[in-house]
Amino acid sequence: PMTEAAVVKITAKQGERSKTGTGFIVQLTADIAYIVTASHVVEGDEEPKVEFFTRRDRPVKATVKNAEFGDPKGLALLTVTGKDSIPKNLAMLALETAATLKGGDEVTAIGFPRMGGEWAVSKGHLSARQGRELIFAMPVGEGNSGGPLLKGGKVVALVTSEAQGRAFAAAASSVKLFLE
């Protein structure tokens, strides 16, 4: 369950309604957790709430540090600071930028799709690659946005959006560039 200790549920307010998405920890210090997600998950909310898998039902405040707002496929970096806000036993996920993905490769998504209950792991496979975007055939829901796509326990992509049973994702190398 190391992977789960790195995945977070994000809730952001958009006017009156609230929206759920997924994010994952890419860097961790004693009192800061750096979390990457899809920018549309947090757009319009400077202080979204983050729930760590290892401490469910205790949402803490996050800060949007950097975000590609206005881009439906954009990324965002959030931080959660303060020892009280960060549970022990968290993990980080490594971005696998050297992986060569081929059509048909199986991947796993972890996230919080609206219909999938509190925590859902879905399997799918790579169906196409268009520039920095990967397209996967898999059952994902709106709440999966921002979540990791894993192959062999490493992140090969980040879900940016979904449509008609397909997940659109930013390749790990573009996530890495964004973080730098």
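Two strands are taken to pair if DSSP finds at least two bridges between them. By that criterion S1 and S4, which run antiparallel, are a pair, since 4 bridges join them. The model described here is predicted. It contains an open sheet of 7 strands and a closed barrel of 6 strands, and helix H2 (residues 172-179) lies across strands S12 and S13 as well as across S2, S3, S6 and S7.

**The open sheet**

- The strand order of the open sheet is S5-S4-S1-S2-S3-S7-S6, and the pairing is antiparallel.
- Strand S5 (60-61) and S6 each have a single partner strand and stand at the edges, so one side of each is left without a neighbour in the sheet.
- At the S5 end, 2 bridges join S4 to S5 in the antiparallel sense, and Val60 in S5 is the bridge partner of Val50.
- Val50 in S4 also stands opposite Ile10, within the S1 to S4 pairing of 4 bridges.
- S1 and S2 run antiparallel and are joined by 8 bridges; Gln14 stands opposite Arg17 in S2.
- The hairpin of S1 and S2 has 2 residues between the strands, and Gly15 there takes a positive phi near 65°.

**Strand S7 and its neighbours**

- S3 and S7 form an antiparallel pair over 7 bridges, in which Leu78 of S7 is the bridge partner of Ile35.
- Strand S6 (residues 63-67) pairs with S7 over 4 bridges, again in the antiparallel sense, and Thr63 stands opposite Thr79 in S7.
- S7 is mostly covered, with 6 of its 7 residues buried.
- Helix H2 runs at about 60° to S7.

**Nonpolar cores**

- The largest nonpolar core has 37 residues, of which Ile10, Phe24, Ile35, Val50, Phe52, Leu78 and Val80 touch the most other members.
- At least two residues of this core come from each of strand S1 (7-14), strand S2 (17-28), strand S3 (32-38), helix H1 (39-42), strand S4 (49-52), strand S7 (75-81), S12 and H2.
- The greatest contribution to this core is that of S7, with 5 residues.
- Leaving aside residues up to four places away in sequence, Val80 touches Asp31, Ile32, Ala33, Ile35, Val50, Phe52, Val60, Lys61, Ala62, Ser85 and Ile86.
- Apart from the largest core lies another core, of 15 residues, which includes Met138, Val140, Leu149 and Ala157.

**The closed barrel**

- The barrel runs S8-S9-S10-S13-S12-S11, with antiparallel pairing.
- From one strand to the next, the twist averages 45°.
- Strand S12 (residues 154-163) pairs with strand S13 (residues 166-171) in the antiparallel sense over 6 bridges, and Ala167 in S13 is the bridge partner of Glu162.
- Helix H2, which lies across S12 and S13, runs at about 50° to S13.

**Aromatic rings**

- Lys73 lies over the face of Phe168, at 4.5 Å from the ring centre.
- The count of aromatic pairs is 0 under the rule applied, which requires ring centres within 6.5 Å.

Key:
Residues are numbered from 1 along each chain as its sequence is written. This is a predicted model: local features need pLDDT of at least 70, side-chain atom pairs count only at pLDDT 80 or more; totals for chains, interfaces and linings use all residues. Side-chain values use heavy atoms; hydrogens and water are left out. Axes are lines fitted to C-alpha atoms, for helices over the stretch in contact, and angles run from 0 to 180 degrees between N-to-C directions. Contact means heavy atoms within 4.5 Å. A nonpolar core is a set of buried Ala, Val, Leu, Ile, Met, Phe, Trp, Tyr and Cys residues joined through side-chain atoms within 4.5 Å. Buried means under 20% relative accessible area, exposed over 50%, partly exposed in between (1.4 Å probe, protein chains only). Rings of Phe, Tyr and Trp (its six-membered ring) pair if their centres lie within 6.5 Å; planes under 30 degrees apart count as stacked, over 60 as edge-to-face and the rest as tilted. A charge sits over a ring if NZ of Lys or CZ of Arg is within 6 Å of the ring centre and within 35 degrees of the ring normal.
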